[in-house]
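Trainee: Could you take me through the ligand site in this one, slowly? I'd like a close look at what surrounds the ligand, and then a few other spots worth a glance.

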Amino acid sequence: MKNVVESLTTPAADTTATGFSTRAIHHGHDPFAHHGALNPPLYLSATYAFESTAQGQRRFRGEEPGYIYSRVGNPTESVLEEKLAVLEGGEAALAMASGMGAITSLFWTFVAPGDEVVVDMTLYGCTYAFLTEGLRKFGIGVHFVDLGDTAALRAALTDRTRFVFFETPANPNMRVVDIAMVAELAHRVGARVVVDNTYCTPYLQRPLEHGADFVVHSLTKYLSGHGDLIAGAVIGRREDIQQIHAHGVKDMTGAVISPLDAYLTIRGLKTLELRMDRHCASAAQLAELIAAHRAVDAVYYPGLPSHPQYRLAQRQMRAPGGMIAFELKGGYDAGVRFMDAVRLAMRAVSLGDAETLVQHPASMTHITYPPEERARHGISEGLVRLSVGLENIEDLVVDIRNALDHGR
Ligand SMILES: *Cc1c(COP(=O)(O)O)cnc(C)c1O
């Protein structure tokens, strides 16, 4: 079964308008093909009828564009994919059931026993677990490297390396990785580069323009933006995306996005630029407040000149983002005191919501790592992560300052 659905969506009225929010709002949906409806229809249909056997034959052979079954494609999903591809500057996109669905579908499509992958030493916890407990079990070599260390990266790359995978800024300590440098070294051995762009969104950073081959996202975070769904996506070259679609998702993971979640993400994208500007402005202000507080040992925010990759971040990102990590002087106990003292910010994992969220990796997301293992991945006992929300900045300043006073 082939997938020919990309050519089905209709362009926006003015396809020459290229501003980010203009595209996020208009691209991929023509209201006049849908009774003038400004919002794309939500197609709740598992299957699609063929007008004749001959049409069914053409669809299954991939000779005629059209839908067959919603694990293979759905018109609401297609609108979202058109938008994500154009926003990331890629040829095609595939929306999936979760960020993990996107990451695992990508790997399962392209790796085989005996292959190797090189990954950054700091990764989202479930990505780390997939690589170490999933891929390795099937005979794929997984090598953790500090991708800021060019010599270590060079040494880790071999002609068996299929992928180099990383996040930038990396979760949760905000290390920034040079996408162009990694792509240049990886491409020399024929390896392809995958960037998890969840923290930045395409508004702040477009990895494909720096030489990456794939971008993956958790749409759960900023892109949908309202914390009301779980979804993911991969963006890249059309041929590769078709392979992930026709093989990885259709036959291996089945990690299909629901039409409603696709619809809600399309809605979230309409305000992405506005939201990101506000997340960034508030985070910049809070980062300075945190950096100046006596309870704090170090702040990791790419917009502070003290950040080790400040210059790289300025070059690679439009703005430093809405995520801040910081280390409290009092270690684990201070982290717990800070977490219990916030009143407005919510103690919760995830990020990119309207609500400000705080999490303490040592007692939450990374609690199952032994402390030495946490340290090796750059996560100290007093590290706290803040996803700055869209509340009034004055209220956030009061809440965070008060909690820091308790974190001493
Ligand atoms: C949340 C997240 C993921 C996983 O996405 P899900 O939608 O929760 O499956 C992957 N990478 C990063 C950086 C994330 O923040």
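**Around the ligand and beyond**

Mentor: Let's start with a landmark: Pro169 sits in the loop between strand 4 and helix 7 (179–188). Keep in mind that this is a predicted model. The peptide bond leading from Thr168 into Pro169 is cis, with omega near -10°. As a rule, most peptide bonds are trans.

Now to the ligand, which sits in the largest pocket. Its surroundings come from several stretches of the numbering: Ser98, Gly99, Met100 and Tyr124, then Asp196, Thr198, Ser218, Thr220 and Lys221, and finally Ile230, Ala231 and Leu351. Sort that shell by class and you get five nonpolar, five polar and two charged residues.

So who touches the ligand's oxygens? Gly99 offers a polar backbone atom 2.9 Å from a ligand oxygen, and Met100 likewise has a polar backbone atom 2.9 Å from an oxygen of the ligand. With Thr220 it's the side chain that takes part: one of its polar atoms lies 2.7 Å from a ligand oxygen. As for how covered the ligand is, on its own it would expose 390 Å², and the protein buries 93% of that.

Stepping away from the ligand, a search of the whole structure turns up 13 aromatic pairs. One to look at is Phe107 with Phe165: the ring centres are 5.8 Å apart and the planes meet at 45°, so this pair counts as tilted. Phe107 belongs to helix 4 (residues 99–110) and Phe165 to strand 4 (residues 161–167), so the pair links distant parts of the chain, 58 residues apart.

Last stop, His35, in the loop between helix 1 (20–26) and helix 2 (53–61). His35 has a positive phi of about 60° despite not being a glycine. For context, most residues other than glycine have a negative phi.

Technical notes. Residues are numbered from 1 along each chain as its sequence is written. This is a predicted model: local features need pLDDT of at least 70, side-chain atom pairs count only at pLDDT 80 or more; totals for chains, interfaces and linings use all residues. Side-chain values use heavy atoms; hydrogens and water are left out. A residue is near a molecule or strand if one of its heavy atoms lies within 4 Å of it. A polar contact is a pair of N or O atoms within 3.5 Å; within protein, one must be able to donate a hydrogen and the other to accept it, and residues adjacent in sequence count only if both atoms are side-chain atoms. Accessible areas come from the Shrake-Rupley method with a 1.4 Å probe; for residues, only the protein chains shown count as cover. On a 1 Å grid over the protein atoms alone, a cavity is a set of points where a 1.4 Å probe fits but cannot get out, and a pocket is an open set with protein on both sides within 12 Å along at least five of seven lines; lining residues have an atom within 4 Å of a point. A molecule sits in a cavity or pocket if more than half of its atoms lie within 2 Å of its grid points. Ala, Val, Leu, Ile, Met, Phe, Trp, Tyr, Cys and Pro count as nonpolar, Asp, Glu, Lys and Arg as charged, and the others, Gly among them, as polar. Rings of Phe, Tyr and Trp (its six-membered ring) pair if their centres lie within 6.5 Å; planes under 30 degrees apart count as stacked, over 60 as edge-to-face and the rest as tilted. Helices (H or I, at least four residues) and strands (E, at least two) are DSSP runs, numbered from the N terminus.
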